[in-house]
Amino acid sequence: MVADRLIADTTARIFADLAEPRTVNAAHDDAWKVEVWRALVDAGLPLLWVPEEAGGIGASFVEGLAALEAAGAKACAVPLAETMAGAWLLARAGLNVPTKRLALLLPGLRLNAAGRLWGQAAAAPFASSAECLVGIVEDADGVAHVVLVERPSQMECSEDLAGDERGSARFDGTLPVVGATLSREVGRRDLLLLSAAARAALMAGALDALVEMSVGYAQERQAFGRTISKFQAVQHLLARLAGEAAAASVAAQAAGWALDRAEGPLAYALFDVAAAKVRVGEAAGVGAAIAHQVHGAIGFTAEHVLHRFTHRLWSWRDDYGSETFWAEELGRHVAAAGVDGFWGRLTGNPEPASRSVGLEI
């Protein structure tokens, strides 16, 4: 617990010093991102989940998610989660991990017989500004491969609700920089599971920030001769916001613990990761609404920092699978596991025989 707090504190300090939300909100460009990323790299944070023998930190999933929760509390607007997940995948596949900003290849690509990429890559977070893209793709025979490809020079650039960049591209025979056949230690959708857990952690951190901001504002704003924090209706709203934030944090931590317990493919942690993405996503919707209610009209202005958090919460809840997507996956998993398997998953003590359920999602 000391180690994950140390890593989280380091992350929080970097964002507080170089990407404080109010300062960033007033910035005229994105030049601040260069310094932030340099500091994150110097601290080794993008390689948290890469083993020490491969040049990384060798942190646990719990420690990495704690760092992302700290980043989310500062409205993280750099590809830290994507680089951490992509670097983990490359290292797990036995490939060299570049010290570059990474984005993830979303489903839609295939490898041809010559080992070249074909297809349309869907819009992925930070893909338009990443240096390389990482993903798991299948060849014509259905064999899965881990690939690293340079970012195409021509990309269709877009933005999410928060204004963070996304990118999609057409690959017509692009040769990956490196690639490896998927091993028994990696599942076909491990990258999706890890990315969903990472988004849950970012959202949990942002919700914590909303609690602090909303309570602080309620204790300052006056109406009818007293601060609005004295009104019972506002107190109820703040209590519910705090409860949603606490539930989100616990769910994100539970996902990290499950990932650390997984042996081999991360799909062993499907139950906890899916539940976390659903629960934290729901909390994000409720929490953002309450925060705007408490702040009133001021919270909707571009000058106020609140939107940096709520807009990202609305975007992050749909990244790497919405609540609906993960609820359906969770339902299929529970149905396949049966009554005994469900109870084991619910209590965190799955029966050995049920550990193969959901191995490939």
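**Notebook: strand 5 and histidine 145**

I began with the pairing of strand 4 (residues 132–139) and strand 5, which run antiparallel to each other over seven bridges. The model I consulted is a predicted one.

I then looked up one position along this pairing and found leucine 133 opposite valine 149 of strand 5. Next I examined the connection: strand 4 and strand 5 form a hairpin, with four residues between them. In the turn I noted glycine 142, whose phi is positive, at about 85°.

I turned to the other pairing of strand 5 that I had looked up. Strand 5 also pairs with strand 8 (residues 178–181), in the antiparallel sense and over four bridges. Within strand 8, I recorded alanine 180 as the bridge partner of valine 146.

I checked how covered strand 5 is. Six of its seven residues are buried, and I therefore entered the strand as mostly covered.

I next selected histidine 145, which lies in strand 5 (residues 144–150). I classed histidine 145 as buried because its relative accessibility is 15%, and the cut-off for buried is under 20%.

I then asked which side chain makes a polar contact with the side chain of histidine 145. I found that of aspartate 139, at 3.0 Å.

Finally, I listed what histidine 145 touches, leaving aside residues up to four places away in sequence. The entries are Leu111, Gly135, Ile136, Val137, Asp139, Ala180, Thr181 and Leu182. I noted that Asp139, the polar partner of histidine 145, appears among these contacts, as does Ala180, the residue I had recorded as the bridge partner of valine 146.

Terms used
Residues numbered from 1 in each chain as written. Predicted model: local features only at pLDDT ≥ 70, side-chain atom pairs only at ≥ 80, totals over all residues. Heavy atoms only, no water. Helix = DSSP H or I, 4+ residues; strand = E, 2+ residues; numbered from the N terminus. Buried < 20%, exposed > 50% of the residue type's maximum accessible area, 1.4 Å probe, protein only. Polar contact = N/O pair within 3.5 Å; in protein donor to acceptor, adjacent residues only side chain to side chain. Contact = heavy atoms within 4.5 Å. Pairing = 2+ DSSP bridges.
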